[in-house]
Amino acid sequence: MPHFKQMPMDPRQVMLFSQSVDDALPQDSGVRCFAEVMDCLDYSGLESKCCDIGCPPYPPSMMVKVLVYAYSRGIRSSRRIEELLRVDVRFLWLAGGLKPDHNTIARFRKDNSRELEGLFKDSVRICAETGLVFMNVLAVDGTKIESAASKRRIYDTTRVDRELAAVERILQEADEVDCAEDELYGSQSGPKMPPELADAAARKAKLQEISRRLKESKATSVVSTDVDSRVMKADEKLRPAYNVQAAVDGENQVVVAMQVTQSVKDSGMLPEMVNQSSSNVGVSPDVSLADAGYSSEETFRWIDEGGHKVLMKSPCHPKDKDPNNLFASRCFLTDAERDVLICPAGRGLTLRFVSRCGSGTYRVYGANGCQSCSFHRQCVGKTGSRRVSLSVVATQRNRMLEDLRSAEGHRQYALRQQIVEPVFGQMKFDRGFRRLTCWGLPGAVAESALMYLAHNVLKCAAKGRKEYLLLLLCFFQRGNVRPTRHLSHVPS
């Protein structure tokens, strides 16, 4: 007969616990340092929304702590958080014994997206004051997060027309059934109409509303349920999603700026992300890194006018990618004084017109007498003469290309992926933030702010600077905190 250890007590035995919840929580538990960092946040914005009349509300600071800690553990379900508040000693300690239900948790998260975004900015200032943010190198990138809507709720023109035709057939059948029943039953009540026929009119109205949205938005497809989301390529598949942006400091991978947009592309978002980072931290970055998706005319003008140091690749024309093509647009020299382009054969191309398209504004140059050139077939092909389109920001693009080709520029740009991509990896794979649970753009902002807030708090808590955090809390209460660039007085 095997010999097993005996239980020291019967689970049904009545007993008194001689220890508090604080005693039950290990002294080296990470939630203790997490709570100390969270105490440094300014909750006045949330507290001002509370009313003194009626039942006292749950403390906003407690609600935020519970939500952020749950997000840091990859838990986003309000029902799961409600369960943990009853059985998990870490959540019991963090909430002080309060047990809000899942409806209260979900409503708090949904109704306070702007305040949660403000708390994220507070976390940036805390990280800056504790010496985690230097703003020497700033990497900006975006990732697609699926919305709560199903992929089956994506409608394009073809699907709308097909389903409208099916509804019309159902309504026509309903009319025929009505006529047949009138002849059969007269004024008496006959059998009830089938549900699929009774709901056809409502279905038609919904499809007509979707068709109207397609025409107004001029998009190829829309989402019927989550109207704020857009159809984007997420995980190599078309899904209803949002474009979640992040600006990450290169020293400790602290997220210093965030934004949730409905734009499929990143083009034109770099100035706003850099300006938001400078506002949150208090200083501008020495150099900002971005991929080719952020390239736009407005961005290059912003760089040129503000004197910002940016390393960003520019999209290349398909014909210019072949290094063996001696007659690509890049091989034409610019004569700024005469405003002409010089082709490899020495002919001059004069300005013909200015063209504006979706990718920007271009100055189009053309040449005459190309048929007599010995390189006519290689350069022009089957057309009569050669034309070259030159972007109005071509000078700025070429200058940035030279910076990227330099040894220092190549070294700095290589840091981009190792700064910002790990943040998205931790967010998506470690904490499961691949799909939203809240509906609408405010819900997407609230969840993204909670996730980035959890990321920054964990970065700050990992340093274990308890004494400095308590001192910092006193400064915050007095309103004396000011961001600084490099802090030599921060205790280790």
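Two strands are taken to pair if DSSP finds at least two bridges between them, and R230 in strand β4 with A241 in β5 gives an example of bridge partners. The structure described here is a predicted model, and the pairings of β5 make a good way into it.

Overall, the protein chain holds 19 helices and 13 strands. Of its 492 residues, 43% count as buried. Contacts often reach far along the sequence: among those between residues at least 6 apart, 68% join residues at least 24 apart. The accessible surface of the chain comes to about 27,500 Å², and carbon and sulfur atoms account for 51% of that area.

Strand β5 spans residues 237–249, and eleven of its 13 residues are buried, so the strand is largely enclosed by the rest of the structure. Its pairings can be followed one at a time. With β1 (residues 137–146), β5 runs antiparallel and is joined by nine bridges; here K144 stands opposite N243 of β5. Strand β4 (residues 230–234) is also antiparallel to β5, with five bridges between the two. On this side, R230 has A241 as its bridge partner in β5. A third antiparallel pairing links β5 to β6 (residues 255–261) through six bridges, and in this case A247 faces A257 of β6.

Two of these pairings are hairpins, and each has a residue with a positive phi. Between β4 and β5 lie two residues, and D235 in the turn has a positive phi of about 55°. The hairpin of β5 and β6 has five residues between its strands, with Q253 taking a positive phi near 60°. As background, strands of a sheet pair through backbone hydrogen bonds, either parallel or antiparallel.

Further along the chain, five strands make up an open sheet in the order β9-β10-β11-β12-β13, with antiparallel pairing. Its edges are formed by β9 (333–335) and β13 (387–391), each of which pairs on one side only. On average, neighbouring strands of this sheet are turned by 40° against each other, direction ignored. At one end of the order, β9 and β10 (residues 340–342) pair in the antiparallel sense over three bridges, and L333 has I342 as its bridge partner in β10.

Within the same region, G348 offers a closer look at β11 (residues 348–357), the strand to which it belongs. This glycine has a relative accessible area of 41% and is therefore partly exposed, a class that lies between the 20% limit for buried and the 50% limit for exposed. Leaving aside residues up to four places away in sequence, G348 touches L341, I342, G366 and A367. Of these, I342 is also the bridge partner of L333. N368 lies 20 residues from G348 in sequence, while their C-alpha atoms are 8.6 Å apart in space.

Turning to the helices, α7 (residues 102–111) and α8 (residues 113–129) have axes that come within 5 Å and cross at roughly 75°. The two helices are therefore roughly perpendicular to each other, since angles of 65 to 115 degrees fall in that class. At their contact, R109, K110 and D111 of α7 meet S113, E115 and L116 of α8. By character, the residues of this contact divide into four charged, one polar and one nonpolar.

Conventions: Residues are numbered from 1 along each chain as its sequence is written. This is a predicted model: local features need pLDDT of at least 70, side-chain atom pairs count only at pLDDT 80 or more; totals for chains, interfaces and linings use all residues. Side-chain values use heavy atoms; hydrogens and water are left out. Helices (H or I, at least four residues) and strands (E, at least two) are DSSP runs, numbered from the N terminus. Buried means under 20% relative accessible area, exposed over 50%, partly exposed in between (1.4 Å probe, protein chains only). Contact means heavy atoms within 4.5 Å. Accessible areas come from the Shrake-Rupley method with a 1.4 Å probe; for residues, only the protein chains shown count as cover. Axes are lines fitted to C-alpha atoms, for helices over the stretch in contact, and angles run from 0 to 180 degrees between N-to-C directions. Angles under 35 degrees count as roughly parallel, over 145 as roughly antiparallel, 65 to 115 as roughly perpendicular and the rest as oblique. Ala, Val, Leu, Ile, Met, Phe, Trp, Tyr, Cys and Pro count as nonpolar, Asp, Glu, Lys and Arg as charged, and the others, Gly among them, as polar.
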